[in-house]
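Here is a short report on metal coordination and charge pairing. Look over the sequence and the model first.

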Amino acid sequence: MKLYEYEGKKIFSIVGIPIPKGQVVYSPVNVPGKVVVKAQLLEGGRGKRGLVRVTEDSFSTISDMMKEGISTFLIEEFVSHNREIYISAMMDRESGNPMIIISPNGGINIEESKDVRTFVIPLDRTLMRYDVDAMEKYVGYRGLTPIVQGLLKLLLEYDAELAEINPLAITERGALALDSKVILDDNALFRHEELLKELRREKPASDSYVELDGDIGIIGNGAGLTMATMDLVKLMGGNPADFFDVGGGADMQKVAFAIERVGTNPRVKKIVINIFGGITRCDEVAKGILDGHSKVNKPIYVRLTGTKEDEGKEILTKAGIKVYEDALSAIGDALR
Ligand code: GDP
Ligand code: MN
C-alpha cells in the first residue's frame, strides 16, 4: 500500500525522523506567513507539475489546485535550506538484507543523478557507527544517525517495502525530511491495524458505514438509495461486503473518503457506486471518485445521474472509468 506524503510523515515522526511542522486540510484555509502548499497525490513528480507551491496566500493556492481536482493538501512551514540529499531504504532482493541508498544531490532530478551509493546493513547485526560514518563521508554531511535509524525501523518494524526521503533538506536546525514516499507490504498490513487506524483521514461528520460479510462494496448518497442499491446487489445474486452512505450534498472529499473506507476493507473485490445528484453535483462526485480510486486499486462500477451529469461523466470517462446509465447495468457488470 502506497502512503500519501502526510501519512508517511506521520510514521517518520513516530520513528524519530524530523519533519517540518504542517497540517492536512481539505478546503482552502488561510495560514499566515510563507508556507508550502503540497497536493497530496500518490504519484510523484509534483514539483515539476506545479503541485508543490511556496506561497504567502495559502487560500488562493489551495482554491486553484482544487480546480484541478485535488482534494487533500498538506500545508507546511517554509523551510529554507541550501542542500538537498536523497536517502532511501529497501530490502536487497539478493541478500535479503536492508540497504540504504543515498546521494549527495537529491531533489527533483534524482533519476538522472550518477552519484548514488548503496550501503548494506546485514540483518545479523545492528547499525554501527562506522556504517553511518561511511554514508556521512560520502554525502559530506554529519548528522544522519536518526534518519538512517528511522528508515531501518520502517523496514524492519513497519514492514515497509520502500521508505524514501527526497529531498532531505540540510537546514540550520539539522536534517529535515521535506518529502516522504513510503510503501507498506500489503501482506503484512494485518500486523499494523493500530497504525492504519491512526493514518486514516479524519472522519467526516455525518457518515454511515456498515460492514457485512460479502465481497461487493457499495457507496450511495442518501439512506434510501444506498439500501435500494444493496437490495439490488442481493437480488441479482451478489453479496455486499460493506456500504457507505455519503448523504446529501456530498463533496468530493467525502466521496474520496468513502471509497477509501469501503475499498480498504480486505473482503471488498469490487465497488458499486450509485449517486443521484441533486444538491450533490456530479462533477464534484467524479473528482472525488478519481481521488479515492487512486488509493484503492479495485474495479469500480459507477452510476451517476443528476446535476452536472455530463461534466461528471466526462471526467470519469477520460480517466478510463466506465459510467452506467442505470444501477442495474452497473451491478450487472460488477457481478459478471
Ligand atoms: P515531488 O516532486 O512529488 O517529489 O515533491 P517534493 O515534496 O519532493 O517537492 C518538490 C520540490 O519542492 C523539492 O525537491 C524541494 O526542493 C521543494 N520543496 C518541498 N517542500 C519544501 C519546503 O518545505 N521548503 C522548500 N524551500 N522547498 C520545498
Ligand atoms: Mn520528492
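Is Asp 179 buried or exposed? Asp 179 counts as buried, because its relative accessibility is 18% and the cut-off for buried is under 20%. This is a predicted model.

**Manganese site**

Asp 179 is one of the protein donors of the manganese ion (ligand 2). It contributes through OD, while Asn 166 contributes through O. These donors lie 2.2 to 2.3 Å from the ion. Asn 166 sits in strand β8 (residues 160-171). Asp 179 sits in the loop between β9 (174-177) and β10 (181-184). The pair therefore ties together parts that are 13 residues apart in sequence. Asn 166 is buried too, because its relative accessibility is 12%.

**Salt bridges**

Side chains of opposite charge can pair when their charged atoms come close. A search of the whole structure finds 23 salt bridges. Among them are the pairs below.

| Pair | Closest N to O distance | Relative accessibility |
|---|---|---|
| Glu 5 and Arg 46 | 2.8 Å | Glu 5 3%, Arg 46 7% |
| Lys 67 and Asp 64 | 3.6 Å | Lys 67 62%, Asp 64 36% |
| Arg 129 and Asp 133 | 3.0 Å | Arg 129 44%, Asp 133 27% |

Where do Glu 5 and Arg 46 lie? Glu 5 is in helix α1 (residues 5-14). Arg 46 is in the loop between β2 (35-39) and β3 (52-55). Their salt bridge ties together parts that are 41 residues apart in sequence. Glu 5 counts as buried, and Arg 46 is buried as well.

Two further pairs each lie within a helix. Lys 67 and Asp 64 are three residues apart in helix α2 (residues 58-67), so about one helical turn separates them. Lys 67 counts as exposed, whereas Asp 64 is partly exposed. Arg 129 and Asp 133 are both in helix α3 (residues 129-139). They are four residues apart, about one turn of the helix. Arg 129 is partly exposed, and so is Asp 133.

**A linked network**

Which residues join Glu 5 and Arg 46 in a network of salt bridges? Lys 9, Lys 38, Glu 76 and Asp 179 are linked with them. Asp 179 thus appears in both topics: as a donor of the manganese ion and as a member of this network.

Notes
Residues numbered from 1 in each chain as written. Chains lettered and ligands numbered in written order. Predicted model: local features only at pLDDT ≥ 70, side-chain atom pairs only at ≥ 80, totals over all residues. Heavy atoms only, no water. Donors = N, O, S within 2.8 Å, 3.2 Å for Na, K, Ca; no water. Helix = DSSP H or I, 4+ residues; strand = E, 2+ residues; numbered from the N terminus. Buried < 20%, exposed > 50% of the residue type's maximum accessible area, 1.4 Å probe, protein only. Salt bridge = Lys/Arg side-chain N within 4 Å of Asp/Glu carboxyl O.
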